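Let's take a look at one interface and one pocket in this model.

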Amino acid sequence: MIAWIVDGFLGLMILCLAWQSLAGTDLIRAVSMFVAMGLLIAIVWVRLDAPDVAIAEAAIGAGLTGALLLITIRRQRARPTESSTPGIQNDNAD
Amino acid sequence: MTTPIERARHVIVVIAVLALGALLGIAIVGIPVGGQGLALIAAEALPDSGVSNPVTAVLLNFRAFDTLLEIGVLLLTLVAVWALGLRLPDAETLPASPLVNTLLRINLPLLTMIAGYLLWIGATAPGGAFQAGAVLTGVGVLMRLNGVLRLSRSVLRWMAIAGLLMFVAVALAMLAWTGGLLQYPVGSAGTWILVIETAATVSIATILTALFVGQEPGPREERP
Amino acid sequence: MTPLWSALCVVAPLLAAVTQCIKPRWGAATSIAALSLIVLGGLGLASALIESGAQTIVLSGWSPPLGIVWRIDGLTVTMILMAGIVGLPVSVYAHHYFSSSTTANRFFWPLWMLLLAALCSLFLSNDLFNWYVTLELLSLSAVALVTLAGKPAALAAAQRYLYASLLGSLCYLMGVALIYSTYGSLDMTLLRAATEPNTSVWVAIGLMMAGLLMKSAMFPLHFWLPSAHGAAPAPVSAILSALVVKGAFYILLRIWFDLVPEAPPHSVTLLLGAFGAAAILWGSLQALRATRLKMLVAYSTVAQLGYLALFFPLSATGELGQTAIGGIVYFMAAHACAKAAMFLAAGNLQRAAGHDQLSALASTAQALPLSMFAFAIAGVSIMGLPPSGGFVAKWMLLSAAIMNGAWLWVAVLILGGLLSAAYVFRVLALSFVDPGPPAEQEAPKRVARSSEWASLMLAGMALLLGLNAMPMLELMSVGLPAIRP
Amino acid sequence: MSPASFYALIGVGLFVIGFYALLVRRDDLTRILSINVMGSGVFMVLIAAADGVGATVDPVPHAMVLTGIVVAVSATAFALALSLARERAQ
């Protein structure tokens with residue numbers, strides 16, 4: 001019974017976080033929700049006897065993907081100030 | 001505001017998505033219970049695989065060709081991102097502070113040790129090249145954010161290809177030795193797996209860190 | 001020797017890619033060496049095939065269901081030879097094409113070699129999950145190659161291509177997950193014996209096919225193709241149209257042969273055929289309306305891929321099914337040569353003129369008779385006129401349709417041929433119209449001789465396929481799987 | 001219903017949510033996120049398949065998911081770099 005409550009809670013939380021991360025317009029919040037979902041999924045992997053996958057999910061699926069997303073947001077936002085700096089051009093050098 | 005056409009399109013999308021969900025749900029429920037998959041067959045073959053962690057056995061022995069191509073995917077991604085030629089600001093570092101420095105000095109060796117441990121333990125327990133590579137990537141990203149990571153261009157390239165090169169070299173050596181591509185000789189499978197995994201860990205960590213950095217280091221950094 | 005020949009096809013491009021990462025300067029040389037080795041491996045496999053029939057090669061020493069095997073039959077070898085033989089002239093062409101740009105020249109070669117390794121592994125493999133990895137390697141390298149054009153339009157097209165491709169892969173992988181959950185195996189030969197008609201299997205096959213149809217740009221999931229193939233650098237367009245879309249279709253064929261548990265409902269084959277017919281008509285009409293030469297050729301690809309979809313209704317009946325299969329495989333090979341030739345010729349014109357607006361290409365076309373000649377010969381094959389590979393392929397499809405009494409498909413095949421003649425002549429007409437007063441036009445830039453010969457060679461190969469049909473068909477039919485009754 | 005099939009259904013839910021968002025949302029980052037959510041859904045179906053009823057766990061889907069996670073992060077890194085490159089090219 002308790003196991004079912006935990007499972008049900010985990011599963012619904014994951015769906016909820018997925019929806020939250022894809023429904024909003026605030027990108028930082030979306031990424032946070034996504035990373036939180038990844039961490040909960042890692043718990044599910046442990047629950048389903050997949051510890052190898054859990055480590056990889058937490059480190060790569062949630063951690064690294066989250067870091068990549070955040071640094072991209074930062075780079076997107078850094079753009080206006082950067083283009084005003086002489087010396088760093090935005091052109092695609094060939 | 002949305003036009004009627006857009007609204008109609010949205011309704012169609014919702015219906016299609018719900019239909020897909022329903023079909024998938026029915027398919028999942030319709031799967032007969034009690035299937036063992038390959039659990040028993042894998043358990044039976046495990047003693048001959050050279051490792052005792054079944055997942056490592058699948059990744060580097062039973063289905064090693066998948067993993068070889070996967071390392072290829074990683075290398076490809078690095079080449080693809082470099083080919084985009086992004087020009088990123090140089091100073092993407094955390095503000096230098098004594099606290100951060102101390103944090104790094106204590107934690108970097110620790111993380112590196114954890115990575116080594118994960119790689120070693122992967123033969124017998126949860127862990128392996130990917131997990132170790134991921135942890136090492138953490139080291140790389142932290143060092144990058146602290147501004148202490150400077151690698152010469154050619155060293156970086158060699159580290160990036162090491163995994164694929166080693167994998168292909170071992171595959172070919174095995175073809176000459178046992179007559180089967182990636183078929184390890186009886187008894188020494190564990191050694192070969194560790195050799196491949198070590199090179200793969202280096203490449204995985206290098207490539208993932210380089211993906212985070214996002215651009216190829218300029219020739220200026222060639223002689224640090 | 002078979003393990004060595006087949007390993008060569010995968011290992012050679014991988015080693016070339018690794019070398020090129022270290023020594024970018026050796027790009028062209030190592031690529032051409034790797035491609036020669038692939039052709040050599042393909043020929044070795046062909047002779048092994050003729051001697052002792054279809055074979056399997058166990059990888060890692062573990063046979064299925066635990067391990068992965070390569071299956072080598074006529075279809076595999078034809079596709080590998082197609083990749084190697086089309087790849088060689090394209091590489092020669094690319095060597096000149098990219099020589100002016102250091103970035104593109106450095107990154108084209110490793111991307112192209114990894115694409116080739118993915119393609120050869122895909123053709124050799126017989127395993128649902130291994131195919132997923134090869135598909136990802138294939139699509140990511142294809143998208144990356146499109147970005148080499150560097151222009152905003154190319155980047156936007158690449159992005160669309162990437163999303164479509166990833167969606168396709170995930171649908172495919174979901175199907176694989178369902179199949180594995182049900183049968184605990186990923187090997188196609190084992191699955192062929194195991195699958196039974198039930199809901200889970202049909203949903204899984206539906207998902208996999210939808211994903212693969214997306215990746216092979218089958219109407220109405222073709223939306224990403226024209227912009228991507230039109231905006232890419234010319235040698236990349238050739239690779240994408242000639243080889244990459246065939247990769248996904250190859251898996252589709254294998255699934256149709258081995259995974260579909262019983263003759264699929266008539267309505268499904270009819271629907272797929274209708275999509276094919278729509279692709280032929282719509283793609284041809286768009287090609288007729290296109291204002292840019294490369295877009296015309298790209299829309300022609302959409303139309304030509306429609307013929308591949310006609311395979312599904314035409315193969316529905318036993319004996320004739322074999323004719324339809326032979327026709328489709330022949331079609332893929334002939335289209336690969338002809339379409340690559342067309343894109344390379346179009347690239348020559350674009351290079352010489354500095355643009356590819358059809359309305360202003362006449363003087364350039366008349367300055368490059370060799371390229372126009374190559375385009376014309378390739379056009380003969382695309383139209384399906386004798387003596388060309390396209391003719392043999394369409395003839396086989398047509399006879400399968402006639403013997404089936406499927407007059408609707410006969411009409412589509414004939415109409416498609418006429419429409420393709422119309423858009424090919426739109427280009428050929430450039431050679432004959434008055435280019436206008438020379439003062440108003442810039443003099444065409446010079447194009448390397450080898451670039452013109454590369455396109456002519458490919459066109460010649462499309463023609464050769466028509467002259468040597470019998471031995472080719474014999475090779476293709478070795479171990480050709482039978483359609484389920 | 002076993003926990004495994006419950007989680008398989010959650011996996012289907014993730015797949016469908018991601019698919020929906022991919023179809024209706026227009027900005028790059030959300031699309032890339034939705035592709036990742038879809039991927040997580042597929043992985044969950046696979047891991048659920050491995051956790052059948054027997055005492056032994058099937059390692060093959062675990063290996064498949066590990067491969068899938070690495071492929072997913074590669075694709076994500078490339079997609080993000082591509083969207084950045086496209087923004088700057090405009």
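## The B–D interface and the largest pocket

Chain B and chain D bury about 3000 Å² between them, with 81% of it on carbon and sulfur atoms; buried area is the accessible area (1.4 Å probe) that two parts lose on being put together, summed over both. On the chain B side, Val17(B), Ile28(B) and Leu84(B) lose the most area to chain D, together 17% of what that side buries. This is a predicted model, where local features need pLDDT of at least 70, side-chain atom pairs count only at pLDDT 80 or more, and totals for chains, interfaces and linings use all residues. Residues are numbered from 1 along each chain as its sequence is written, chains are lettered from A and ligands numbered from 1 in the order in which they are written, and side-chain values use heavy atoms, with hydrogens and water left out.

As for contacts (heavy atoms within 4.5 Å), 37 residues of chain B meet 35 residues of chain D. The rule finds 0 salt bridges across this interface, a salt bridge being a side-chain nitrogen of Lys or Arg within 4 Å of a carboxyl oxygen of Asp or Glu.

Here is how the residues split by class (Ala, Val, Leu, Ile, Met, Phe, Trp, Tyr, Cys and Pro are nonpolar, Asp, Glu, Lys and Arg charged, the others, Gly among them, polar).

| Residue set | Nonpolar | Polar | Charged |
|---|---|---|---|
| Side of chain B that touches chain D | 24 residues | 9 residues | 4 residues |
| Lining of the largest pocket | 37 residues | 4 residues | 6 residues |

The pocket lining counts 47 residues, and Leu167(C), Ala210(C), Met214(C), Leu221(C) and Phe19(D) lie nearest the pocket's centre. A pocket is an open set of points on a 1 Å grid over the protein atoms alone, where a 1.4 Å probe fits, with protein on both sides within 12 Å along at least five of seven lines; lining residues have an atom within 4 Å of a point.
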